Amino acid sequence: MSLLTVGSVAFDAIETPFGKTDKIIGGAGTYIAIASSYFANKQNIVSVVGDDFPKEMLEKLEKRGVNLEGLQIKKGEKTFFWSGKYHNDMNSRDTLVTELNVLGDFDPIIPSSYQGAEYVMLGNLSPQVQSTVIERLTEKPKLIAMDTMNFWMDIAMEDLKKTLKMVDVLIINDEEARQLSGEYSLVKAARVIREMGPKYLIIKKGEHGALLFHGTNVFFAPALPLEEVFDPTGAGDTFAGGFMGYIASTDDYSFENMKRAIIAGSALASFCVEKFGTEKLESITKKEIETRIDQFVRLTDFDMVETVG
Ligand code: AMP
């Protein structure tokens with residue numbers, strides 16, 4: 001199996017009702033790569049940073065089996081910067097700053113050693129960059145998944161529609177699904193969105209879990225009820241990384257295995273929110289992941305007795 005991850009590697013500044021950070025390391029590609037490394041012990045990343053990005057973090061990624069040959073380091077340029085502030089309910093946030101910097105004119109170059117990727121996870125980036133990556137792959141992958149956000153729906157809807165035709169799985173949140181489809185009902189939204197291209201659609205509902213749609217099948221996975229949510233940044237990317245890492249490591253993209261992959265992604269996302277940034281995500285043990293996956297299984301496990309006479 002081979003996994004190709006594409007996504008932003010960034011600096012973030014985050015404000016939640018519990019505290020505030022200065023510039024810390026973030027980026028969708030960073031969260032995806034760390035999360036998927038718990039399942040897929042080798043992966044290739046395509047991204048870009050400025051020469052202000054700390055070498056230590058790149059070394060940490062390499063130690064996790066992330067091949068950085070496709071990570072461009074632009075001399076004299078600045079890394080992408082994003083800043084966000086969460087509301088009291090922690091479910092919604094405002095973007096305060098988006099400084100594209102090196103992402104502004106990002107040309108995703110695919111090293112020849114990356115060709116033949118079987119699984120591709122396209123993190124939230126401009127849909128034009130996402131489609132360029134797909135066009136530059138010389139062999140058709142087994143499964144391409146992508147994330148996107150309302151930012152791109154507002155400014156690049158036509159590019160986004162073109163990219164949607166090229167992918168198999170779309171992973172978005174409920175608000176984005178409603179905006180993309182123009183439908184309030186998520187069931188109707190799922191139908192409309194799958195007509196746009198992706199055969200599989202995952203709609204994330206934050207603390208209310210996630211839905212997977214394919215054909216006439218629907219699967220629902222809860223989120224683990226947590227006592228404290230400290231910082232939700234990157235939870236969506238962590239979910240996507242865990243999902244694709246699991247699919248790639250098992251080399252099985254059947255609907256049944258996607259259900260397991262959703263639980264794997266949800267379990268990792270539940271760790272991500274416990275501390276600011278990638279801190280918690282970087283230090284989970286195998287045992288902790290297994291215990292949490294077990295909690296998920298028990299959360300929805302019950303025996304039905306016959307009540308209808
Ligand atoms: P999430 O909380 O899963 O939506 O992801 C948050 C991460 O996405 C942050 O670490 C940001 O650096 C990154 N991000 C935010 N906006 C963008 C954007 N327009 N393009 C690429 N990455 C972004």
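Helices and strands here are DSSP runs, numbered from the N terminus. With that naming, Asn-101 falls in the loop between strand S8 (93-99) and strand S9 (119-122). The model is a predicted one. Asn-101 stands out a little for its backbone: phi sits near 45 degrees, a positive value in a residue other than glycine. As for the solvent, Asn-101 counts as partly exposed because its relative accessible area is 30%, between the cut-offs of 20% for buried and 50% for exposed.

Asn-101 also turns up among the partners of Lys-78, a residue in contact with Gly-50, Asp-52, Glu-99, Asn-101 and Val-102 once neighbours within four places in sequence are left aside. Lys-78 itself belongs to another loop, the one joining strand S6 (66-74) to strand S7 (81-86). Its relative accessibility is 47%, so Lys-78 is put down as partly exposed. A long way along the chain, 100 residues off, comes Arg-178, and the C-alpha atoms of Lys-78 and Arg-178 are 34 Å apart.

A second non-glycine residue with positive phi is Asp-251, at about 50 degrees. Asp-251 is placed in the loop that links H8 and H9. With a relative accessibility of 38%, Asp-251 is classed as partly exposed too.

Now for the ligand. Around it sit 19 residues, and the closest are Ser-8, Asp-12, Gly-27, Gly-234 and Asp-237. Two of these aspartates reach ligand oxygen through their side chains: an N or O atom of the Asp-12 side chain is 2.4 Å from a ligand oxygen, and for Asp-237 the corresponding distance is 2.7 Å. Arg-93 joins in as well, with a polar side-chain atom 2.9 Å from an oxygen atom of the ligand.

Ser-8, one of the residues closest to the ligand, is also touched by Thr-30. Beyond four places in sequence, the list for Thr-30 runs to Ser-8, Val-9, Ala-10, Ile-25, Met-57 and Thr-278. Thr-30 is part of helix H1 (residues 28-37). Its relative accessible area is 0%, so Thr-30 is buried.

Pro-232 is found in the loop between S14 and helix H8 (235-250). Pro-232 is buried because its relative accessibility, 16%, is under the 20% cut-off. Leaving out neighbours within four places in sequence, Pro-232 makes contact with Tyr-86, Met-90 and Val-273. Glu-207 is 25 residues from Pro-232 along the chain, and their C-alpha atoms are separated by 9.8 Å.

That leaves the second largest pocket, which holds about 190 Å³ of space. Its lining is made of 14 residues, and Lys-259, Arg-260, Ile-263, Phe-296 and Val-297 are the closest to the centre. Three elements each put in at least two lining residues: strand S14 (217-221), helix H9 (255-272) and helix H10 (286-299). H9 contributes the most, with 4 residues. By class, the lining of this pocket comes out as 11 nonpolar, 1 polar and 2 charged residues.

Conventions:
Residues numbered from 1 in each chain as written. Predicted model: local features only at pLDDT ≥ 70, side-chain atom pairs only at ≥ 80, totals over all residues. Heavy atoms only, no water. 1 Å grid on protein atoms, 1.4 Å probe; cavity = no way out; pocket = protein on both sides within 12 Å on 5 of 7 lines; lining within 4 Å. Points joined across faces, edges and corners; volume = space filled by probe spheres on them. Nonpolar A, V, L, I, M, F, W, Y, C, P; charged D, E, K, R; others polar. Buried < 20%, exposed > 50% of the residue type's maximum accessible area, 1.4 Å probe, protein only. Contact = heavy atoms within 4.5 Å. Near = heavy atom within 4 Å. Polar contact = N/O pair within 3.5 Å; in protein donor to acceptor, adjacent residues only side chain to side chain.
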